[in-house]
Amino acid sequence: MPALFKRLLTAPPGPYSIIIESKIWTIWLENSDPKITELMARASRATQNKKYTKAFDYYTEVIRLSPNYAEGWNKRALINYLIGNYDKSLSDINRTLSLEPRHFGAISGQGMIYSAQKKWTLAKKAFEKALIIHPNMQGPKLNLEILNRQNLEEEI
């Protein structure tokens with residue numbers, strides 16, 4: 001992982017950067033327990049089918065069985081975000097980051113939540129932090145551009 005993150009910092013935008021990111025995601029998703037692997041697959045299918053309650057339950061079971069598996073927390077954070085439970089999502093993201101501080105997906109997710117909450121300064125900081133780890137990540141780049149172009153109202 002350290003070598004992949006180092007390469008990610010210097011990779012040019014485009015295919016090479018995408019390949020490195022994909023390898024990192026593959027490692028993050030790895031798990032030696034077949035039960036966890038199956039639960040993650042079921043949860044992913046439920047998420048794709050917008051069955052968020054089912055997905056949430058699967059990810060919660062993953063977390064119960066493997067509390068140090070960062071991706072279980074990260075995926076449940078996504079479900080919480082999708083159903084509008086922003087504070088619970090942030091809590092799951094914090095747990096994800098305690099297990100994997102370089103998790104650029106989780107950090108970007110923080111930015112999305114802070115944007116939804118109109119906490120513009122925190123959103124910008126999260127997107128900037130994600131880009132420090134993964135300079136070619138498109139979502140945070142685009143979100144920062146949008147935030148920087150907007151005449152933002154007072155933060156809530």
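**Loops, cores and a helix pair**

Colleague: Is K50 buried or exposed?
Modeller: K50 has a relative accessible area of 62%, and bear in mind that this is a predicted model. The cut-off to pass is over 50%. So K50 counts as exposed.

Colleague: Where does K50 sit, then?
Modeller: Its backbone is a bit of an oddity, with a positive phi of about 60° although K50 is not a glycine. As for its place, look in the loop between α3 (34–48) and α4 (52–65).

Colleague: Which loop holds K118?
Modeller: K118 is not a glycine either, yet it has a positive phi of about 60°. With 40% relative accessibility, K118 is partly exposed. You'll find K118 in the loop between α7 and α8.

Colleague: Okay, now the inside. Which helix gives the largest share of the largest nonpolar core?
Modeller: That core has 27 residues, and F5, I24 and F104 touch the most other members. Helices giving two or more residues include α1 (2–10), α2 (15–29) and α8 (120–133). The largest share is seven residues, and they come from α8.

Colleague: Which residues does I24 touch, leaving out those up to four places away in sequence?
Modeller: I24 is one of the core members with the most contacts to other members. Leaving out those sequence neighbours, its partners are M1, L4, F5, L8 and F104.

Colleague: At roughly what angle do the axes of α8 and α9 cross?
Modeller: These helices do meet: W120 and F127 are among the α8 residues in the contact, and L144 and L147 among those of α9. The contact residues divide into eight nonpolar, two polar and three charged. The crossing is left-handed. The axes come within 9 Å and cross at roughly 145°.

Conventions:
Residues are numbered from 1 along each chain as its sequence is written. This is a predicted model: local features need pLDDT of at least 70, side-chain atom pairs count only at pLDDT 80 or more; totals for chains, interfaces and linings use all residues. Side-chain values use heavy atoms; hydrogens and water are left out. A nonpolar core is a set of buried Ala, Val, Leu, Ile, Met, Phe, Trp, Tyr and Cys residues joined through side-chain atoms within 4.5 Å. Buried means under 20% relative accessible area, exposed over 50%, partly exposed in between (1.4 Å probe, protein chains only). Helices (H or I, at least four residues) and strands (E, at least two) are DSSP runs, numbered from the N terminus. Contact means heavy atoms within 4.5 Å. Axes are lines fitted to C-alpha atoms, for helices over the stretch in contact, and angles run from 0 to 180 degrees between N-to-C directions. A crossing is left-handed if the near helix is turned anticlockwise from the far one by less than a right angle, and right-handed if clockwise. Ala, Val, Leu, Ile, Met, Phe, Trp, Tyr, Cys and Pro count as nonpolar, Asp, Glu, Lys and Arg as charged, and the others, Gly among them, as polar.
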